[in-house]
Amino acid sequence: MARKRIRYILRSFPKPFGGPLQIRLHVRALTEAGYDAAIVTNSTDDDRFYDVAAPSVLNRDYAISADDVCVIPEGWRDHFLRFRDEPARKVCFCQNQFYLFRTFRDDEDFASFGVDTVMCCSRQVANHVERHHGVKDVAVVPCGIEVPPEAPARKALAISFMPRKAGLDAGFVRDLFRRRNPNMVRVPWVQIDGRPHADAMALMGRTAIFLSLSHREGFGLPPLEAMARRTLPVGFHGQGGLEYATPRNGTWIAEGDLPGCADALADAVRLVHAGAREVADKLDEGRATAARYRMDAMRERLLAFWSERV
């Protein structure tokens with residue numbers, strides 16, 4: 001049994017996001033392994049979005065101690081300041097390198113806040129931290145996803161999408177897709193963001209195609225979750241998706257090429273409708289790719305990380 005308490009710092013959000021989901025998965029895995037781990041948050045209102053049983057403590061009830069290890073997300077300068085002078089050990093869990101600039105002023109680095117360890121969700125993020133923030137040997141604990149034993153047998157010839165940070169892009173691509181392909185105006189578009197995670201995954205799994213609008217990601221969960229459900233990802237990898245995206249497991253478009261994305265969607269609809277072998281091969285490869293990020297792989301790396309530190 002570990003002596004130190006592990007406390008992941010979080011806040012409640014009005015919508016579900018992949019980052020808070022991964023934090024909940026970390027805490028659940030740690031408590032199942034016997035660690036004293038919990039989330040510290042301002043509210044549990046967003047628990048309804050995630051089907052993950054992870055213990056939590058409200059900020060007002062949290063009494064920090066020297067035996068704590070506080071895990072602070074990247075970009076949350078107010079939290080870095082809050083814990084800077086506390087006796088607890090500080091770890092940064094960085095899930096998106098594009099948000100790190102919010103943490104630091106020009107003359108600051110991780111050491112300025114007493115942070116001596118950075119854990120990242122992907123090698124893409126770790127490369128950035130090592131190269132630009134002077135941290136050596138950054139730990140990588142990969143994201144974990146649920147890979148259903150079987151993908152839905154029946155798929156609608158429909159396009160699921162999760163606009164989130166790219167609402168304008170989604171509208172542009174959808175409009176251009178229909179204007180260039182008037183014979184496809186009846187192809188349904190299924191918006192899945194803002195829903196509980198399990199509901200979003202169920203809807204995604206029933207569609208044949210997922211429009212990936214990944215943008216400035218540290219990893220990018222949705223395209224990989226689509227692969228796990230044998231739904232063909234078409235669109236952008238958002239940089240973070242370079243961790244797993246290849247021409248064999250999806251149709252990936254150059255960043256920002258919205259007309260090209262609309263055309264690639266139309267090509268995918270045609271190929272799916274025709275039952276093309278090319279699609280089946282990509283779906284097979286996608287399932288194999290997703291399998292590398294199963295929960296047990298994440299759990300193994302996570303426990304190895306914490307076994308060396310508490």
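**A chat about helices, sheets and empty spaces**

Trainee: What do the buried residues of helix 5 pack against?
Mentor: They pack against strand 8 (156-161), strand 9 (189-191), strand 10 (207-214) and helix 6 (221-228). Contact means heavy atoms within 4.5 Å, and buried means under 20% relative accessible area, with exposed over 50% and partly exposed in between (1.4 Å probe, protein chains only).

Trainee: Which residues of helix 5 are buried?
Mentor: In helix 5 (residues 197-205), these are Ala200, Met201, Leu203, Met204 and Gly205. Helices (H or I, at least four residues) and strands (E, at least two) are DSSP runs, numbered from the N terminus.

Trainee: Anything I should know about the model itself?
Mentor: This is a predicted model, where local features need pLDDT of at least 70 and side-chain atom pairs count only at pLDDT 80 or more, while totals for chains, interfaces and linings use all residues. Residues are numbered from 1 along each chain as its sequence is written, and side-chain values use heavy atoms, leaving out hydrogens and water.

Trainee: Ok, sheets. What's the strand order in the sheet of five?
Mentor: That open sheet has the order 9-8-10-11-12, and its pairing is parallel. Strand 9 and strand 12 (251-252) are at the edges with a single partner strand each, so one side of each is left without a neighbour in the sheet. Two strands pair if DSSP finds at least two bridges between them.

Trainee: How many bridges join strand 8 and strand 9?
Mentor: Three, in the parallel sense. Phe161 stands opposite Gln191 in strand 9.

Trainee: And which strands does helix 4 lie across?
Mentor: Helix 4 (residues 167-180) lies across strand 8, strand 9 and strand 10, and runs at about 170 degrees to strand 9. Helix 5 packs on the sheet too, touching strand 8, strand 9 and strand 10, with its direction at about 120 degrees to that of strand 10. For such angles, axes are lines fitted to C-alpha atoms, for helices over the stretch in contact, and the values run from 0 to 180 degrees between N-to-C directions.

Trainee: What about the sheet of seven strands, what's its order?
Mentor: The order is 3-2-1-4-5-6-7, again an open sheet with parallel pairing. Its edge strands are strand 3 (56-58) and strand 7 (139-140), each pairing on one side only.

Trainee: Is strand 4 mostly covered or mostly open?
Mentor: Mostly covered, as six of its six residues are buried. Asp68, Cys70 and Ile72 point one way from strand 4, while Val69, Val71 and Pro73 point the other way.

Trainee: How many bridges join strand 4 to strand 1?
Mentor: Four, and the two strands run parallel. Tyr8 stands opposite Val71 in strand 4, and Val71 in turn stands opposite Val91 in strand 5. Strand 4 (residues 68-73) and strand 5 (residues 89-94) pair over five bridges, also in the parallel sense.

Trainee: Which helices go with this sheet?
Mentor: Helix 1 lies across strand 1 (5-9), strand 2 (36-41), strand 4, strand 5 and strand 6 (115-120), at about 155 degrees to strand 2. Helix 3 (residues 123-132) touches strand 5, strand 6 and strand 7, and its direction makes about 150 degrees with that of strand 6.

Trainee: Switching topic: what volume does the largest pocket have?
Mentor: About 620 Å³. It has 28 lining residues, with Phe17, Gly19, Pro20, Glu74 and Tyr99 nearest the centre of the largest pocket. Helix 1 (18-32) and helix 6 are the elements that give two or more residues to that lining, and helix 1 has the largest share, five residues.

Trainee: How are pockets and cavities found?
Mentor: On a 1 Å grid over the protein atoms alone, a cavity is a set of points where a 1.4 Å probe fits but cannot get out, and a pocket is an open set with protein on both sides within 12 Å along at least five of seven lines; lining residues have an atom within 4 Å of a point. Points are joined across faces, edges and corners, and a volume is the space filled by probe spheres set on them.

Trainee: How many cavities of 30 Å³ or more are there?
Mentor: Three by this rule. The largest cavity has a volume of about 170 Å³. Its lining has 16 residues, and Pro16, Phe17, Gly18, Met162 and His197 are the closest to its centre. Helix 6 gives the largest share of that lining, three residues.

Trainee: And the second largest cavity, what's its volume?
Mentor: About 120 Å³. Of its 14 lining residues, Met162, Arg164, Leu213, Ser214 and Glu217 lie nearest its centre. Strand 10 and helix 6 each give two or more residues to the lining of the second largest cavity.
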